[in-house]
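Here's a walk through some local features worth a look before you set anything up. Have the viewer open and follow along.

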Amino acid sequence: MSYDPAQSETRWQAAWDAADSFRALRDERPKYYVLEMFPYPSGRIHMGHVRNYTMGDVVARYKRAQGFSVLHPMGWDAFGMPAENAAMEQGGHPRDWTYANIATMRDQLKPLGLSIDWSREFATCDDDYVHQQQSMFLDFLESGLIYRKSAMVNWDPVDMTVLANEQVIDGKGWRSNAPVERRELTQWFFRISDYSGELLDALDGLDGWPEKVRLMQANWIGRSRGLQFAFETVNAPAGFDRIEVYTTRPDTLMGASFAALSPDHPLIKALAAERPDIADFCAECRRIGTTEEAIETAEKLGFDTGLTVRHPLDPTWELPIWIANFVLMDYGTGAIFGSPAHDERDHEFATKYGLPIRATFGPQGATLEQADALVADGPFVPLKSEPVTYVRGFAGAADQTGEVAVAAAIQHAEAAGYGEGVTKFRLRDWGISRQRYWGCPIPVVHCETCGTVPEAKENLPVLLPADVSFDIPGNPLDRHPTWRDTVCPKCGGAARRETDTMDTFVDLSWYYARFTAPHAATPTVAEDADYWMNVDQYIGGIEHAILHLLYSRFFARAMVKTGHLPEKSTEPFAALFTQGMVTHEIYLTRDDRGRAVYHLPEDVTDGKLADGRVVEIIPSAKMSKSKKNVVDPVNIVENFGADTARWFMLSDSPPERDIEWTASGAEAAHRFLARLYRQAETVAEGAEDPDLTRAVHRAIDEVTRAIEGFAFNKAVAKIYEIANTLGKSPAGGESRKWALRTIAQLMAPMVPHLAEDIWQLAGGQGLVVDARWPVADPAMLVDDSVTLPIQINGKRRAEISVPKRYAQGPRSRLLSSPTKPCSVSWMARPSRS
RNA sequence: GGGGGUGUGGCGGAAUGGUAGACGCGACGGAUUCAAAAUCCGUUUUCGCAAGAAGUGUCGGUUCGAGUCCGACCACCCCUACCA
């Protein structure tokens with residue numbers, strides 16, 4: 001028999017199924033919950049999935065062998081636009097498309113031999129999941145966590161839907177790539193901004209998260225401390241006596257030269273109604289505001305309204321009110337004061353429109369004249385921590401840092417009563433309304449008499465109607481009278497259903513909790529959540545560092561508040577690991593017009609096509625269909641077996657870094673597995689080889705530490721090493737079999753099928769999947785005799801072999817020599833190799 | 001503009017402040033074979049026949065000793081961006 005992955009992988013998967021090995025059970029063992037971000041059922045699994053789920057599987061199997069009761073589930077992120085787009089393009093129903101894809105992908109995933117408890121599988125579009133999510137929505141609504149407001153939204157004219165700020169990239173829709181327009185719509189919002197401070201502060205406690213992700217979230221939440229105060233207007237229309245302004249640099253108040261308002265500011269809107277020139281300017285700003293060139297070139301546009309405001313520190317000092325396209329209505333108050341001397345943007349604006357530029361401070365020791373001269377050509381913007389000299393100060397000392405001056409200015413404003421210190425966050429409330437069909441319906445009705453009324457819980461789930469068509473853009477729910485028209489649960493009168501559905505990020509914000517009790521009649525079950533939560537290790541792509549993870553952290557808090565999760569689940573993910581992408585070279589040739597023509601990897605051999613043409617090679621790019629640099633995992637599994645794909649995914653590159661898939665690497669992985677299989681088959685007579693025994697113990701120690709540290713590439717290297725050692729060892733009989741069995745155990749998390757083969761060939765009892773993780777004997781980790789390198793002035797000059805007991809003690813000595821002193825040192829640890 | 005990260009052989013990458021280049025790929029040589037594939041045994045940082053010397057982006061510093069710590073610079077990558 002030779003290594004036959006097709007046959008043996010099927011066999012061992014059947015054996016695990018028969019033994020129900022991976023069912024997650026609540027018992028007396030300590031629990032371990034490992035979760036990989038679940039896939040969107042696009043239709044086929046790709047190499048990124050293989051890498052993600054292999055890593056999770058290594059952790060799951062390793063923890064299982066260590067005696068933990070492991071929860072390792074799988075499900076489907078099944079709502080979303082691609083299903084609807086497919087229905088539009090090819091006909092059919094999004095539900096059918098989605099469930100067919102799930103079936104295909106499940107069939108592709110299962111041969112990988114992942115230790116998943118498939119009994120917990122669900123899709124977010126399952127009626128049951130929709131039901132529980134709607135039920136929680138009603139609880140959140142009742143707790144005041146959800147509200148409805150009219151808001152300017154980002155409207156994607158192609159997908160005909162609202163986008164979250166986060167889904168707008170460079171002014172374009174994240175999916176359609178169409179320039180986003182602004183529209184005013186009544187929308188449902190989650191009050192995530194109420195939790196801004198908490199979500200930010202709690203980042204400090206997430207020790208198991210990458211620093212990078214914590215930073216990205218902190219920047220996204222964006223806390224700033226500043227002064228909010230009001231300008232008194234001079235000749236503004238009635239109702240606009242005061243204009244609220246927010247600034248993080250109140251210390252520059254004496255350098256103010258103008259007030260700038262957003263084109264969307266209420267005062268400007270009021271003026272625009274009267275004045276066509278202002279209306280025209282605002283329309284122009286809106287148009288430019290969403291195109292990509294505007295963001296690139298960022299030209300500052302302003303319009304002088306002719307109105308003025310009084311300076312808060314000097315009522316006789318009037319500042320002009322300008323409309324400025326760079327002032328955003330949804331940050332701060334939509335109004336600022338311009339301080340051109342100390343702000344790049346304000347300086348550009350003031351220069352363009354001939355507004356005064358007055359320095360508030362200059363370099364230490366500067367006079368008023370020097371400071372003013374300095375800022376004439378450009379703004380003076382030192383670090384806030386740098387001491388400067390205030391030449392137009394009004395609070396605190398003349399010589400102080402910006403930080404101190406800001407605090408003093410806030411104190412001054414509060415004492416004098418013209419303003420107060422406030423902390424603001426960049427984080428907006430989370431708008432979840434989507435004008436799409438294929439999502440979780442928002443369980444609310446609009447009644448003519450009672451207004452907006454939550455659907456009664458006994459009427460849940462509100463399921464999507466099946467008879468819909470996608471031949472015209474827009475939301476089919478809007479034009480489905482029998483579904484849309486309903487009765488008010490409060491008064492029984494005629495009412496209309498809410499036709500918006502929820503952002504799919506809502507579905508993703510609690511699936512990890514649902515896995516703890518996936519088929520329960522309530523969203524969660526206290527005992528199950530209490531036992532399984534939190535997720536001990538979460539694994540996924542860095543692209544979810546902000547949105548998904550931040551929303552989930554908010555959602556967990558909302559679930560704690562509404563009693564759906566225990567208090568300890570405020571932070572649901574104890575540890576997070578973000579894995580790198582799978583990349584591949586891109587192969588292309590040029591057509592007669594010089595345009596790129598891409599070629600599939602299987603069509604290229606040694607840099608040439610079958611017809612002999614040489615291809616251009618672009619190194620390491622993310623696998624993408626359009627560039628044709630994709631390798632289908634299904635083919636790899638068919639040709640080499642799942643273990644080869646898994647082994648390659650774990651070798652070479654550290655898990656957090658990108659890995660380049662190469663055909664030669666995959667073949668090498670396969671060769672190694674086959675060689676090891678042959679070694680296990682070979683019956684060798686012989687005695688114990690103490691060197692091998694020691695090497696095996698060392699391997700146990702090193703592989704264990706590598707897996708613990710998420711350094712799977714090092715674990716793989718150590719297994720290569722011990723396999724090479726075994727190949728050269730004269731050991732035979734039981735001692736050799738023990739070595740083989742131990743190697744099988746060490747490999748089992750990575751290549752579980754081959755591990756079972758070897759375990760069996762080497763006389764292991766039962767399944768290796770049920771074997772307890774081996775423990776290294778500390779006494780075997782040190783050699784009796786060690787080779788110590790001798791350094792002279794840090795350079796290796798010699799090595800000596802000494803009995804272990806002499807390899808202790810001082811590490812270096814300073815010696816005198818006839819010419820100059822030199823240091824001789826020796827390492828108190830054994831030589832490598 | 002702001003924030004973060006990374007620079008080590010031909011390549012992916014190893015190295016608790018203590019022998020730089022583990023392990024793998026590729027390449028080269030040999031064995032086996034009629035031949036090839038597969039397999040097995042070697043060699044493979046550079047210069048040098050050798051002894052030896054140099055060597056972790058560049059320049060400095062700390063240290064008996066620096067890929068690792070500190071400072072400056074260079075290059076590349078990622079994220080983010082009119083945030084008042």
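Is Phe710 buried or exposed? Phe710 is buried, with a relative accessible area of 10%. Keep in mind that this is a predicted model.

## Positive phi angles

Let's stay with Phe710 for a moment. Its phi is near 60°, a positive value in a residue other than glycine. You'll find Phe710 in the loop between helix H22 (residues 690–708) and helix H23 (residues 712–728).

Asp20 also has a positive phi, about 50°, and it is not a glycine either. Asp20 sits in the loop that runs between helix H1 (5–19) and strand S1 (31–36). With a relative accessible area of 39%, Asp20 comes out as partly exposed, whereas Phe710 counts as buried.

A glycine joins the list too: Gly91, just after helix H3, takes a positive phi of about 75°. As for H3 itself, which covers residues 81–90, its buried residues are Met81, Pro82, Ala83, Glu84, Ala86 and Ala87. Note that a glutamate, Glu84, is among them.

## Cis peptide bonds

Next, a couple of omegas to check. The peptide bond from Leu460 to Pro461 is cis, with omega near -5°. Pro461 belongs to the loop between strand S21 (451–454) and helix H14 (481–484).

The other one to look at has no proline in it: going from Met533 to Asn534, the peptide bond is cis, and omega is near 5°. Asn534 is in the loop that links helix H17 (526–532) with strand S25 (537–541).

## How H21 and H24 pack

Now for a helix pair. Helix H21 (residues 663–681) packs against helix H24 (residues 733–747) at an angle of about 150°, and their axes are 11 Å apart. An angle over 145° counts as roughly antiparallel, so that is how H21 and H24 run relative to each other. Their crossing is left-handed.

Which residues make the contact? On the H21 side you have Phe672, Leu673, Leu676, Gln679 and Ala680, and on the H24 side Arg736, Leu740, Ile743 and Met747. Sorted by type, the contact residues split into 7 nonpolar, 1 polar and 1 charged.

H24 holds another residue worth clicking on, Thr742. Thr742 is buried, at a relative accessible area of 3%. Leaving aside residues up to four places away in sequence, Thr742 touches Val696, Ile700 and Pro774.

## Cysteines without disulfides

How many disulfides does a search of the whole structure find? The count is 0. For reference, a disulfide is a covalent bond between the sulfur atoms of two cysteines. Here, the cut-off for such a pair is sulfur atoms within 2.5 Å.

Why does Cys447 not form one? The closest cysteine sulfur, in Cys491, is 3.6 Å from the sulfur of Cys447, and that is too far for a bond. Cys447 counts as buried, at 8% relative accessibility.

Cys125 tells a similar story: the closest cysteine sulfur belongs to Cys440 and is 11 Å away, so it is too far for a bond. Cys125 is buried as well, with a relative accessible area of 1%.

How values were computed: Residues are numbered from 1 along each chain as its sequence is written. Chains are lettered from A and ligands numbered from 1 in the order in which they are written. This is a predicted model: local features need pLDDT of at least 70, side-chain atom pairs count only at pLDDT 80 or more; totals for chains, interfaces and linings use all residues. Side-chain values use heavy atoms; hydrogens and water are left out. Axes are lines fitted to C-alpha atoms, for helices over the stretch in contact, and angles run from 0 to 180 degrees between N-to-C directions. Helices (H or I, at least four residues) and strands (E, at least two) are DSSP runs, numbered from the N terminus. Angles under 35 degrees count as roughly parallel, over 145 as roughly antiparallel, 65 to 115 as roughly perpendicular and the rest as oblique. A crossing is left-handed if the near helix is turned anticlockwise from the far one by less than a right angle, and right-handed if clockwise. Contact means heavy atoms within 4.5 Å. Ala, Val, Leu, Ile, Met, Phe, Trp, Tyr, Cys and Pro count as nonpolar, Asp, Glu, Lys and Arg as charged, and the others, Gly among them, as polar. Buried means under 20% relative accessible area, exposed over 50%, partly exposed in between (1.4 Å probe, protein chains only).
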